[in-house]
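Biologist: Please take a close look at the open sheet in this model, and walk me through how its strands are arranged and what packs against them.

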Amino acid sequence: MTILVTGGAGFIGANFVLDWVSQSGETIINLDKLTYAGNLQSLASLEGNPQHVFVQGDIGDGPLVQRLLAEYQPRAVLNFAAESHVDRSIHGPQAFVETNVVGTFQLLEAVRAYWQGLGEAERGAFRFLHVSTDEVYGSLKADEPAFTETHQYQPNSPYSASKAASDHLVRSYHHTYGLPVLTTNCSNNYGPLHFPEKLIPLMIVNALAGKALPVYGDGQQIRDWLYVKDHCSAIRRVLDAGTVGEVYNVGGWNEQPNLDIVNRVCALLDELQPRADGKPYAQQITYVTDRPGHDRRYAIDARKLERELGWKPAETFDTGIRKTVQWYLDNAAWVEGVQSGSYREWVETNYTGRSGKYEK
């Protein structure tokens, strides 16, 4: 038995691949384009393991995907591949449309042709699982209930709009062609192997380097934080038992303002690796101009996933964030390896010039 995973060298995808190999005897075919956020160092422990087959390529390359499907005959395809950083989508939206919309379309077309050619039993057992985000639902006011699976789509950034489009395409392939799809919409992930452009790893890396910790606006943007390995366990559960055509929201039941998250990271670093001068890392916090169209609050109602499939997160935020900070302290070589010239250029592009002090 085999599954095909796209985007399996990225943050969530790599964690899923590592967990899958450690917990399953099935072979996993890993198709990843290896853009800036795809990192084979994250999968170094699987080198030489016949259970993991890595293929560098684009989900938009129809002939390549068709060849992989024909050669390996997977029982499921899981689509993690996506451009996923809101700030990058503001600076360059075209890549998000190309990967998240056109790429997903090309992947669906290849999978549809493969699925239609399977025998009756194999068609019935096959699944296409699409990994998406809560950002497709838009922004919530402080007193509004959390997002459910039936919440109206109201994307507010080029990133979330491109993911919303991909969700709609996946839905349409089920209703039009009968393709057995599953969709998961997750909240903000954090944990090991996270590329340091996102909030938590950026704060850790900058704090240790003695750089400013840039906080957008007043820092009161609220997110629901989900430990990445909990997300991976939810995806495995949905793949195993989810109802075809259904959407499942995956959340950590942990709404917190960004500023509280930054202060928690600083406090853990104060404990685990204090500054040489004895001063708190929180002194490095710097407020910078908010990004355009910044959603104020996301919140996930994950009761459907718990009620129907019996899943709930294993980690609290306290346990998950401690594991995350410790991982970055223990894996300085990985961090150094991903901080290439292009990463440094991106950080400079995104933060330099915003009002408020930002030290490169």
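**The open sheet**

Modeller: In this predicted model, seven strands line up in the order β3-β2-β1-β4-β5-β6-β10 to make an open sheet, and their pairing is parallel. The edges are taken by β3 (52-56) and β10 (247-250), and because each of these has a single partner strand, one side of each is left without a neighbour in the sheet. Direction ignored, neighbouring strands of this sheet are turned by 20° against each other on average.

Within that order, strand β5, which covers residues 127-133, pairs with strand β6, residues 181-186, in the parallel sense and over six bridges; V131, for instance, has T184 in β6 as its bridge partner. Helix α6, made up of residues 158-177, packs on the sheet and touches both β5 and β6, with a direction that makes about 155° with that of β5.

As for the setting of this part, the protein has 13 helices and 12 strands. Its radius of gyration is 20 Å, close to the 21 Å that the globule rule gives for 360 residues, so the protein is as compact as a globular protein of that length. The C-alpha trace spans about 65 × 50 × 40 Å along its principal axes, and 55% of the 360 residues count as buried. If one takes the contacts between residues at least 6 apart in sequence, 81% of them join residues at least 24 apart. The accessible surface of the protein, finally, comes to about 14,700 Å², and 49% of that belongs to carbon and sulfur atoms.

Technical notes. Residues numbered from 1 in each chain as written. Predicted model: local features only at pLDDT ≥ 70, side-chain atom pairs only at ≥ 80, totals over all residues. Heavy atoms only, no water. Pairing = 2+ DSSP bridges. Helix = DSSP H or I, 4+ residues; strand = E, 2+ residues; numbered from the N terminus. Axes fitted to C-alpha atoms, helices over the stretch in contact; angles between N-to-C directions. Contact = heavy atoms within 4.5 Å. Rg over C-alpha atoms; globule rule 2.2 N^0.38 Å. Buried < 20%, exposed > 50% of the residue type's maximum accessible area, 1.4 Å probe, protein only. Areas by Shrake-Rupley, 256 points an atom, 1.4 Å probe, with all protein chains shown as cover.
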